[in-house]
Amino acid sequence: MSKLNAAEALPKIVRVVPRNRNIEAFLLAFAVGLNAFELSQIQLSLLKVLTPEIFLYLLPPAFFALVIHIILRRRASEADPMILPIAVVLNGLGLSMIYRLDLATIANGGTELFAEKQVVWTVVAMAFAAAVIIFVPSHLFLRRYVYVSMIVGVGLLISPMIPGLGRNINGAQLWIAIGDLTFQPGELAKIALTVFFAGYLVTRRESLAIVGRKVLGVRIPRARELGPILVIWGASLLVLILQRDLGTSLLYFGIFIVLVYTATGRAIYVIAGITMFLTGALVAGRMMEYVSGRVDSWLNPFLASNYDAAGGSYQLAQGIFGLAHGGLLGTGLGGGLPQLVPLAESDFIIAALGEEIGLIGLFAVFALYLLLVSRGIRIGFNHPDDFSKLLATGLAFVIALQCFIVIGGVTRVVPLTGLTTPLLAAGGSSLLANWIIVGLLLRISDTVDSGNKSVNV
């Protein structure tokens, strides 16, 4: 072969080698090793010996991570190489902490355990992510079902209000029950509504950005363009009023406002959206004892009347005590008392982790979330298709806003809500939804224009 032919063939050979997947394989090996270290430390700390039970919590997620990796090599070789390893690390860390809490429950004679259920849900959720990659050759087909996504999203959102189907748990009407199985449909609703928002805003972007009258130097869109914004605002307030959940209400409205800003570049929508939500929340706080009680517990968590009240600030205060106990370096996995915090395996898993891995460890977890969100936003920024830009940005922001709401609630930055930390907390519906988001981000990232497909990590 001549030098000229060799030079022409080299780019073809380079394109065949899935360098992204090799990077991903290395990071996955590190992620699985890190999860094995966490489980080993917990067993040595609490049981003083390593038992075969460790493989029950290590091998199924590791096996399915390998399956997804192989599928990506065959079906999406140019997908982002960092999303899957980050998701595996976070999921494994959450599973390790839930197992640690189960050991504490067993030691205290309790029977309500969550770790084995979390393993099952992890496998199911990862299987759904794999199915997204296999059976969705192009995410662009979702654009044909924009209004179907809206109907599905709204249907899932209101399904807990159906008599006989919905269940009220811990004061919030967010679950449906089918036999012994309970599920939170709002977790899947956020994906469907993100698809709707992205598709709607692609077609209405110009109208929202440049059409309308000017009032005091600010261009106001026409009434028909503002209609969906008002509908989403009203829907978010209905969630707050009927389902008694401030966090879910903020999540849905926040996603829409961010995508409106992304599509139009006009900050007035963000200002107006925040004003509308705060106004609605303040009115609801005046009219609803549930909201005002949450705000009072947030502002005065150590007040005796709040601390001792049913549904008061006891959980929040215990979480703060746990974080203070952990300090900078933490007590080490298995060395704290996270079981003293109610719902430490779900709503307050951040407090449980903060006690045992300390502030430095929590910063590492937050950095992983920031990196995951930044990869999603990077996918949206680099994609040449407008629908894909908005969809990737919206999915990334779902994770970002949910983390802010949950972690902010645990650390008293914002009032406490009933959302769960993505990929970390116990709960099948949350795991399922977030792994589907991971699958969609991987699929979208594989279709970024070849000119933008660098392997810079």
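**Exercise 1.** Determine whether Asp-446 is buried or exposed, and identify its salt-bridge partner.

*Solution.* Step 1: Asp-446 has a relative accessible area of 13% and is therefore buried; buried means under 20% relative accessible area, exposed over 50%, and partly exposed in between, with a 1.4 Å probe and protein chains only. This is a predicted model, in which local features need pLDDT of at least 70 and side-chain atom pairs count only at pLDDT 80 or more, while totals for chains, interfaces and linings use all residues. Residues are numbered from 1 along each chain as its sequence is written, and side-chain values use heavy atoms, with hydrogens and water left out.

Step 2: The side chain of Asp-446 meets that of Arg-443 in a salt bridge at 3.5 Å, N to O. A salt bridge is a side-chain nitrogen of Lys or Arg within 4 Å of a carboxyl oxygen of Asp or Glu.

Step 3: Because they stand three residues apart in helix α16 (residues 428-446), Asp-446 and Arg-443 are separated by about one helical turn. Helices are DSSP runs (H or I, at least four residues), as are strands (E, at least two), numbered from the N terminus. Arg-443 is buried too, at 3%.

**Exercise 2.** State which parts of the chain are linked by the salt bridge of Arg-375 and Asp-80.

*Solution.* Step 1: The structure holds six salt bridges. In one of them, Arg-375 and Asp-80 meet at 2.9 Å, N to O.

Step 2: This pair joins distant parts of the chain, 295 residues apart: Arg-375 is in helix α14 (residues 349-382), and Asp-80 is in the loop between α3 and α4 (83-107).

Step 3: Both Arg-375 and Asp-80 are buried. Together with Arg-378, they are linked in a network of salt bridges.

**Exercise 3.** Describe the salt bridge between Glu-356 and Arg-100.

*Solution.* Step 1: The side chains of Glu-356 and Arg-100 meet at 2.7 Å, N to O.

Step 2: Glu-356 belongs to helix α14 and Arg-100 to helix α4, with these positions 256 residues apart in the chain.

Step 3: The relative accessible area of Glu-356 is 2%, so this residue is buried. Arg-100 is likewise buried, at 2%.

**Exercise 4.** Locate Asn-306 and name the residue whose backbone oxygen lies 2.9 Å from a polar atom of its side chain.

*Solution.* Step 1: Asn-306 lies in helix α12 (residues 304-308).

Step 2: Its relative accessible area is 9%, so Asn-306 is buried.

Step 3: The backbone oxygen in question belongs to Asn-300.

Conventions
Polar contact = N/O pair within 3.5 Å; in protein donor to acceptor, adjacent residues only side chain to side chain.
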